[in-house]
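Let's get to know this protein together, one question at a time. Keep the sequence and the 3D view open as you read.

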Amino acid sequence: MLEKHEIKEWFRHTYITCLEEQAQRDLRRLCPDHGAFYEAPEFRVESVALESKDCLQNAIDIGDKTYVISRSDDPKSSITIKILDKLTRTWVVPTVLGAPPNPTSSHSVVLVNNEKILIIEKGVPLKDSIWFLEVDTPFVKQQSKIKGTVVVAWSKGVIGEGQKPVVISGPSGVGKGTLIAKLMKEYPSKFGFSVSHTTRAPREKEIDGVHYHFTERSKIEEEISEGKFLEFAHVHGNVYGTSIEAVESVTDEGKRCILDIDVQGARSVRASSLEAIFIFVCPPSFEELEKRLRARGTETEEQIQKRLRNARAELDQSNSPGLFDHLLVNDDLEACYENLKKLLSLYDDHEDSNDSFIKDGKETACYSILSKTNSEILLQSETNEAEKGTTNLLSLDLSSLSGGAPGRTRGLKISPVN
Ligand SMILES: Nc1nc2c(ncn2[C@@H]2O[C@H](COP(=O)(O)OP(=O)(O)O)[C@@H](O)[C@H]2O)c(=O)[nH]1
Ligand SMILES: Nc1ncnc2c1ncn2[C@@H]1O[C@H](COP(=O)(O)OP(=O)(O)O)[C@@H](O)[C@H]1O
């Protein structure tokens with residue numbers, strides 16, 4: 001049997017989870033005498049955050065665990081996560097993956113489903129304020145297994161769906177870079193390149209931050225272990241990797257992201273939550289590939305031999321079932337480029353259902369969470385619209401969230417409530 005002060009504290013935590021009905025049930029089970037004592041008022045997420053002088057914290061119950069999300073009143077400090085195991089009454093500090101929200105003064109939280117918690121940052125425009133803390137998604141489960149620790153992961157919410165990124169793979173020297181450069185030159189505002197990290201040395205005309213982020217092995221390994229990479233692979237004796245930020249920053253600019261990565265990387269992206277289109281570029285023949293590699297003149301003979309050996313393996317894997325959506329043969333460059341354009345235009349009839357909402361400018365106002373049902377979360381403007389007689393509520397449709405950690409949770413449909 002719990003002590004009365006423990007019951008009170010426990011109930012305050014549980015109540016905030018938006019599971020007040022369950023809380024009442026559990027409370028009756030744990031302590032029949034006090035079950036009816038704490039009447040839950042009408043549900044309003046914001047009003048039940050636990051505030052003390054130097055800290056704001058919210059607690060969310062999922063099964064036997066309570067996730068405590070706190071921030072101090074130092075505006076520079078970011079959110080911390082602690083987990084209370086209610087059965088053993090022990091605290092766990094989880095490994096937190098992904099880029100966290102920028103520090104702000106406070107936030108409101110609500111449980112979306114048993115896999116993730118929605119956090120709305122206060123005092124920042126809606127488009128920057130939506131965050132998901134994943135606590136039991138497939139990604140988090142997989143990372144937990146790999147790391148052998150309890151893992152949670154941040155994912156930024158993005159209103160509307162960006163166009164699917166395009167993954168381009170193919171053996172060294174086949175012409176991937178040439179095709180991508182043509183595309184970027186013709187459509188600079190439509191496509192953006194995912195700038196990979198690599199431990200290989202820069203070639204003569206390569207610029208750091210433009211062609212690659214050239215980096216040290218220890219640095220990239222550290223960042224990989226911090227969950228900052230969507231994928232990475234050892235290619236031709238060096239480490240190459242796509243940071244989550246490399247892809248998401250392009251998509252956030254409203255551009256379609258192009259990734260030039262090897263077959264291992266393509267496989268990893270296929271297995272990730274990033275939905276993309278996968279294209280493999282083949283040479284017309286192995287002899288022609290060798291000719292192009294040599295003519296480029298950027299590698300030593302030893303490096304050319306290594307690339308040619310790896311090319312055979314990559315060509316073999318291009319037919320792996322379910323890996324590549326399209327194979328393009330780069331024989332005549334112009335013809336191949338035209339085929340690439342045709343292929344990409346297949347997916348160009350995309351319309352953003354949130355266009356009108358975004359044009360209204362509502363996404364620049366500040367909101368906080370008001371309430372939740374199974375299908376929607378209501379957000380309330382932080383301005384004084386209610387006093388002016390208008391409701392200024394927004395509905396976040398929960399049926400269409402896509403993606404998630406690592407990266408962004410896209411496809412958020414938000415519409416005004418009349
Ligand atoms: N997995 C993975 N492969 C990459 C990445 N960036 C580049 N690569 C691949 O690494 C290989 C070597 O690239 P690079 O050294 O630029 O040589 P090049 O392909 O001969 O121009 C190519 O197959 C690229 O597609 C990355 O971020 N991840
Ligand atoms: N269709 C083509 N016909 C002849 N040469 C090509 C063709 N496509 C690309 N090249 C040349 O082949 C070399 C390798 O191309 P590159 O784009 O660097 O390949 P990758 O990025 O796949 O390693 C470059 O010198 C490029 O100018």
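Q: In which loop does R200 lie?
A: A word on the ground rules comes first: this is a predicted model, where local features need pLDDT of at least 70 and side-chain atom pairs count only at pLDDT 80 or more, while totals for chains, interfaces and linings use all residues. Residues are numbered from 1 along each chain as its sequence is written, chains are lettered from A and ligands numbered from 1 in the order in which they are written, and side-chain values use heavy atoms, with hydrogens and water left out. Helices (H or I, at least four residues) and strands (E, at least two) are DSSP runs, numbered from the N terminus. With that in hand, R200 can be placed in the loop between β13 (196-198) and β14.

Q: Is R200 buried or exposed?
A: Buried means under 20% relative accessible area, exposed means over 50%, and partly exposed is in between (1.4 Å probe, protein chains only). R200 has a relative accessibility of 9%, so this residue counts as buried.

Q: Which side chain joins that of R200 in a polar contact of 3.4 Å?
A: Contact means heavy atoms within 4.5 Å, and beyond its neighbours within four places in sequence R200 is in contact with E206, Y212, F214, N238, Y240 and R307. A polar contact is stricter about atoms: a pair of N or O atoms within 3.5 Å, where within protein one must be able to donate a hydrogen and the other to accept it, and residues adjacent in sequence count only if both atoms are side-chain atoms. The side chain that joins R200 in this way, at 3.4 Å, is that of Y240.

Q: Which residues do ring pairs link into a cluster with Y240?
A: Rings of Phe, Tyr and Trp (its six-membered ring) pair if their centres lie within 6.5 Å; planes under 30 degrees apart count as stacked, over 60 as edge-to-face and the rest as tilted. By that rule, Y240 is linked into a cluster with Y212 and F214.

Q: Which strands stand at the edges of the open sheet of four strands?
A: Two strands pair if DSSP finds at least two bridges between them. The open sheet has the order β14-β13-β16-β15, with mixed pairing. A strand with a single partner has one side left without a neighbour in the sheet, so the edges belong to β14 (212-214) and β15 (229-235).

Q: Which residue of β16 stands opposite E231?
A: Strands of a sheet pair through backbone hydrogen bonds, either parallel or antiparallel. Here β15 and β16 (residues 238-243) run antiparallel, joined by six bridges. Opposite E231 in β16 stands T242.

Q: Which residue of β17 stands opposite V166?
A: Strand β17 (residues 256-260) is mostly covered, with four of its five residues buried. It pairs in the parallel sense with β11 (residues 166-169) over three bridges, and β12 (residues 191-193) is also joined to β17 by three bridges and runs parallel to it. F193 stands opposite I258, and the residue opposite V166 is likewise I258.

Q: Why can the buried residues of α4 be said to line one face of the helix?
A: In helix α4 (residues 138-147), the buried residues are F139, V140 and Q143. The arc is that of the directions from the helix axis to the C-beta atoms. Seen down the axis of α4, the buried residues line one face because they fall within an arc of 95°.

Q: Which exposed residues does the other face of α4, turned away from its buried side, carry?
A: The buried residues have a cover that includes β6 (95-97), β9 (130-134) and β10 (151-159). The face turned away from the buried side carries the exposed residues P138 and K145.

Q: How many residues apart in sequence are the parts that the pair of W131 and W154 ties together?
A: A search of the whole structure finds five aromatic pairs. W131 and W154 form one that is edge-to-face, 6.3 Å centre to centre with 90° between the planes. W131 counts as buried at 8% relative accessibility, and W154 is buried at 3%. Since W131 lies in β9 and W154 in β10, the pair ties together parts whose separation in sequence is 23 residues.
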